[in-house]
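Colleague: I am new to this structure and should like to learn how its features are read. Would you kindly take me through them in order?

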4 protein chains.
Amino acid sequence: MSAAPLAAPRRCLVDLEVRYAETDQMGVVHHANYLVWFELARTRLCAEAGLHYAEIERAGYYMMVTEAEVSYRRGARYGDRVGVTTWLAELGSRFTSFGYEIHRDGQLLATGRTRHVWVRAEDSRPCRLPAMARSCFERLAGASS
Amino acid sequence: MSAAPLAAPRRCLVDLEVRYAETDQMGVVHHANYLVWFELARTRLCAEAGLHYAEIERAGYYMMVTEAEVSYRRGARYGDRVGVTTWLAELGSRFTSFGYEIHRDGQLLATGRTRHVWVRAEDSRPCRLPAMARSCFERLAGASS
Amino acid sequence: MSAAPLAAPRRCLVDLEVRYAETDQMGVVHHANYLVWFELARTRLCAEAGLHYAEIERAGYYMMVTEAEVSYRRGARYGDRVGVTTWLAELGSRFTSFGYEIHRDGQLLATGRTRHVWVRAEDSRPCRLPAMARSCFERLAGASS
Amino acid sequence: MSAAPLAAPRRCLVDLEVRYAETDQMGVVHHANYLVWFELARTRLCAEAGLHYAEIERAGYYMMVTEAEVSYRRGARYGDRVGVTTWLAELGSRFTSFGYEIHRDGQLLATGRTRHVWVRAEDSRPCRLPAMARSCFERLAGASS
């Protein structure tokens, strides 16, 4: 399963305030939280393209995570504001992937990627991109609108 | 809604290893995690009395938290093993409460209490202690078995 | 240790988007996350009164949580935006407490309170309200500015 | 930076009980928690080889995560017990990587890898494998003991 990377996908930038609870005893944000930030940015990206992920679930579909990877360069700290940028990186008929970058004051803190398959809630089986999500994902892919 | 405190409820002690991700930049376990530990101990207590909480949910009921309180005395640290003790503190027809104590090497770290109402999943409405959970909760209450 | 409740403390309202990771299998925000939201609102309240909590720690002090309580009325859901209001509820020489309310579309979801003591980082001992935090806390208390 | 994969590294299996708070509204464990489980298994692996990671930090070193990847096959559920296996996958002079597998009843749920660099706490700069950790990591690598 692979698909050509998208040339000019729509991007979304979410501005976040680091939460105290997100830090660990090393004094920086615990590395698992970057996946939570990615997810928040993914939600915002879809919402900005016209479809809140909550509606996708209400329609009986999940976009289940099958792979996640994060590359960490610098730690985010309590008191920081960070920007999480996300975009659709691949759009297949049965899977999608998203790319991510996290910045603070122009410095790159981390990059990442997640991969997802579409799953029908009723039988937990993989399925194709649901019709109700098609126009949103076309907009994310950067198709002429 | 109140009920007489129970005289000799069944107790359960769960032994936990502090996770790195549970610490914050103060170098101790973040205070919100104590509620997660309470919940884990509650699960174990019910399981030991014959009913896993997952079965309660599969039967269509929730034991929804309506109140939680924690009193913190000493911080738990990464590398510590802590013991979480829990017991049924009140058993009403529509609600229950549990008490908790957390120790490390004989020192009391925290105490707490949570209160719950029974809710039917199908309509999200409060209900009475489900019949399928009755014998478990009688055992928790310390009734002669 | 008690202090008269404050008559007209400064208030701060934080607008939050529920994160998917904050939900649990009951379909609502897991109850431990409310403490994380309270903490975020506390940070914002202090920052708006002129002192980021990160500066307090850099100056060598902690505002350690000694008690927390939450009363849950309705669950917050993924896709919701919620407002967390906080204010200084008590100001003692050695401790402080904060009050909290969480709303969604005018409906009260939860209320809470946390209590804190001042601790010197160097020896982990309780101390008085640090001089560097005094004017901030007077503003929080609603003293004429 | 790369190193030959290790032929017969020491392995550690940690048995975990899924926590309710670890689930999300999809009814399975939220994907970010797998990184927390990996970390717990890493701690146990090092402890079994004679060195608790807390001692490494007390000696003034961090094993900072620089990369993490997870591949998810099946979801873990509340009520499940899962086994997390970990091993040292690469041992360089300045970095290390660990491999992970998560199973439930003989079924593979997920695999993963994390990469770490050694950092001196005093100046936050990368450093070589600290002398105090050498014998532990040789045991992890499977050197004849």
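Modeller: Let us begin with how elements are named: helices and strands are DSSP runs, numbered from the N terminus, and a helix needs at least four residues. By that convention Ile56(B) is found in helix 2 of chain B, which covers residues 53-58. Please keep in mind that this is a predicted model.

Colleague: Is Ile56(B) buried or exposed?

Modeller: A residue counts as buried when its relative accessible area is under 20%. Ile56(B) has a relative accessible area of 0%, and is therefore buried.

Colleague: Which residues is Ile56(B) in contact with, leaving aside its neighbours within four places in sequence?

Modeller: They are Leu51(B), Tyr61(B), Trp118(B), Met132(B) and Phe137(B). Met132(B) shows how the fold brings separate parts of the sequence together: Ile56(B) and Met132(B) are 76 residues apart in sequence, yet their C-alpha atoms are 7.8 Å apart in space.

Colleague: May we turn to backbone angles? What is the phi of Ser124(B)?

Modeller: The general idea comes before the case. Most residues other than glycine have a negative phi. Ser124(B), although not a glycine, has a positive phi of about 55°. Ser124(B) lies in the loop between strand 5 (107-120) and strand 6 (125-126) of chain B, and is exposed, with a relative accessible area of 52%.

Colleague: Where is Ser124(D) placed?

Modeller: Ser124(D) is in the loop that runs between strand 5 (107-120) and strand 6 (125-126) of chain D. Its phi is also positive, near 55°, and at 53% relative accessibility Ser124(D) counts as exposed.

Colleague: I should next like to understand salt bridges. How many does the structure hold over all chains?

Modeller: A salt bridge pairs a side-chain nitrogen of Lys or Arg with a carboxyl oxygen of Asp or Glu within 4 Å. The structure holds 36 of them over all chains. One joins Glu39(A) and Arg42(A), at 3.9 Å from N to O. That distance falls within the 4 Å cut-off, so the pair counts. Both residues lie in helix 1 of chain A, three residues apart, or about one turn of the helix. Glu39(A) is buried at 6% relative accessibility, and Arg42(A) is buried at 7%.

Colleague: Which residue forms a salt bridge with Arg81(D)?

Modeller: Its partner is Glu17(D), with the closest N and O atoms 3.6 Å apart. This pair links distant parts of the chain, 64 residues apart: Arg81(D) belongs to strand 3 (residues 81-91) of chain D and Glu17(D) to strand 1 (residues 11-17) of chain D. Arg81(D) is partly exposed at 44% relative accessible area, whereas Glu17(D) is buried at 14%.

Colleague: How should one read an interface, for example that of chain A and chain C?

Modeller: One may begin with the contacts and the buried area. In this case 19 residues of chain A are in contact with 19 residues of chain C. The area buried between the two chains is about 1,800 Å², with carbon and sulfur atoms giving 50%. In chain A, the residues that lose the most area to chain C are Glu17(A), Arg19(A) and Tyr78(A), together 39% of what that side buries.

Colleague: How many salt bridges are counted between chain A and chain C?

Modeller: The count is four. One of the salt bridges is formed by the side chains of Arg44(A) and Glu17(C), at 2.8 Å from N to O. In addition, 10 residue pairs are in polar contact across this interface. Helix 1 of chain A gives the most to the side of chain A that touches chain C, with six residues.

Colleague: What relates chain C to chain B?

Modeller: A rotation of 180° with 0.0 Å of shift along its axis superposes chain C on chain B, with an RMSD of 0.0 Å. That is the relation of a two-fold axis. The same surface serves both copies, since 100% of the contact residues of chain C recur in chain B. Of the residues of chain C, Glu69(C) comes closest to the axis, at 2.1 Å for its C-alpha.

Colleague: How many salt bridges are found across the interface of chain C and chain B?

Modeller: The rule finds zero, while eight residue pairs are in polar contact. The largest share of the side of chain C that touches chain B comes from strand 2 of chain C, with 10 residues. Chain C and chain B bury about 1,900 Å² between them, 57% of it on carbon and sulfur atoms.

Definitions and conventions. Residues numbered from 1 in each chain as written. Chains lettered and ligands numbered in written order. Predicted model: local features only at pLDDT ≥ 70, side-chain atom pairs only at ≥ 80, totals over all residues. Heavy atoms only, no water. Contact = heavy atoms within 4.5 Å. Buried area = accessible area lost by both parts, 1.4 Å probe. Polar contact = N/O pair within 3.5 Å; in protein donor to acceptor, adjacent residues only side chain to side chain. Helix = DSSP H or I, 4+ residues; strand = E, 2+ residues; numbered from the N terminus. Buried < 20%, exposed > 50% of the residue type's maximum accessible area, 1.4 Å probe, protein only. Least-squares fit on C-alpha atoms with pLDDT ≥ 70 in both.
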